[in-house]
Amino acid sequence: IYAGLSFIDFLSESSCVDFSCGSTHAASYGLELGYGHTFFGRLLVRGLLGIGDRIVTSDGTSETCWGTAPCTMPVTTTSHASRGDLYLAPAVLVGVMLGPVLVGADATLVYMPTAGAPDSFSAAFASLSLGGQLGLRL
C-alpha cells in the first residue's frame, strides 16, 4: 500500500501588449493513494489515484491615458484573480527497487471536472503526463 503527498509548482507565464502587462502562475497539491506489487524481487508496478487542488493566480496592470497627447494624466489599473479546481489523477508507475531506492517512470491522466483561468468560464480538462520517479523506501 502506498500513500503520499504531491506538490507541483508550474512555471509562470507573463507578457505585455501595448500598455498592459499580465502574469499567470499555477500550483497543485494533493494526496496520492495506491497499491503496488513487486515482481522478481525488484520490479515494482503500482497503480495509484491522486486527488487535490490546482490553484491558478493571475495579476495584471494596464495604463490608460486621460487628456490630450502627450499623455498628461496616466491612470494605472491593477487586477488580481485566483481560483482553485479539483483534480483527479489516476496513474501507473513502473520502477526498479535498488535497495531502499526506487527509480522508475510513470504515466498520469490528470482530469479536472471544472478548470479555467481565474477570469474565464469553466470547462472540463484532461491531460496525459509522463514523468520520472526517484524515491526512498522508509
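## Salt bridges

A salt bridge here means a side-chain nitrogen of Lys or Arg lying within 4 Å of a carboxyl oxygen of Asp or Glu. Keep that in mind as you look at this predicted model, where Arg-54, Arg-83 and Asp-85 are tied together in a network of such bridges. The structure has two salt bridges.

Start with Arg-83 and Asp-85: their closest N and O atoms are 3.0 Å apart, and both residues are buried. Asp-85 also meets the side chain of Arg-54, with 3.7 Å from N to O. That second pair links distant parts of the chain, since Arg-54 belongs to strand β4 and Asp-85 to strand β5, 31 residues apart. How buried are these two? Asp-85 has a relative accessible area of 2%, while Arg-54 comes in at 18%. Arg-54 still counts as buried because the cut-off is under 20%.

## A nonpolar patch on the surface

Now turn to the outside. Phe-39, Phe-40, Leu-43, Val-45, Val-92, Val-94, Val-96, Leu-98, Val-103 and Leu-134 make up a nonpolar surface patch, and together they have about 920 Å² of accessible area.

Which strands supply at least two residues each? They are β4 (43-66) and β5 (73-98). Strand β5 gives the largest share, with four residues. Leu-134, another member of the patch, sits in strand β7, which covers residues 123-136. Its relative accessibility is 70%, so Leu-134 counts as exposed.

## The disulfide

A disulfide is a covalent bond between the sulfur atoms of two cysteines. A search of the whole structure turns up one. You'll find it between Cys-16 and Cys-21, whose sulfur atoms are 2.0 Å apart. The link is right-handed, with 110° about the S-S bond.

Are the two cysteines equally open to the outside, or do they fall into separate classes? Cys-16 counts as exposed at 54% relative accessibility, whereas Cys-21 is partly exposed at 33%.

## Rings, and a proline in a loop

If you go hunting for aromatic pairs, the count for the whole structure is zero. There is a charge over a ring, though: the charged end of Arg-46 sits over the ring of Tyr-2, 4.2 Å from its centre.

One last stop is Pro-100, in the loop between β5 and β6 (101-115). With a relative accessible area of 44%, Pro-100 is partly exposed. Pro-100 and Thr-76 are 24 residues apart along the chain, and their C-alpha atoms are separated by 56 Å.

Note on methods:
Residues are numbered from 1 along each chain as its sequence is written. This is a predicted model: local features need pLDDT of at least 70, side-chain atom pairs count only at pLDDT 80 or more; totals for chains, interfaces and linings use all residues. Side-chain values use heavy atoms; hydrogens and water are left out. Patches are made of residues with over 30% relative accessible area and no salt bridge: like charges are joined within 9 Å, nonpolar side chains (Val, Leu, Ile, Met, Phe, Trp, Tyr) within 5 Å. Accessible areas come from the Shrake-Rupley method with a 1.4 Å probe; for residues, only the protein chains shown count as cover. Buried means under 20% relative accessible area, exposed over 50%, partly exposed in between (1.4 Å probe, protein chains only). A disulfide is a pair of cysteine sulfur atoms within 2.5 Å. Rings of Phe, Tyr and Trp (its six-membered ring) pair if their centres lie within 6.5 Å; planes under 30 degrees apart count as stacked, over 60 as edge-to-face and the rest as tilted. A charge sits over a ring if NZ of Lys or CZ of Arg is within 6 Å of the ring centre and within 35 degrees of the ring normal.
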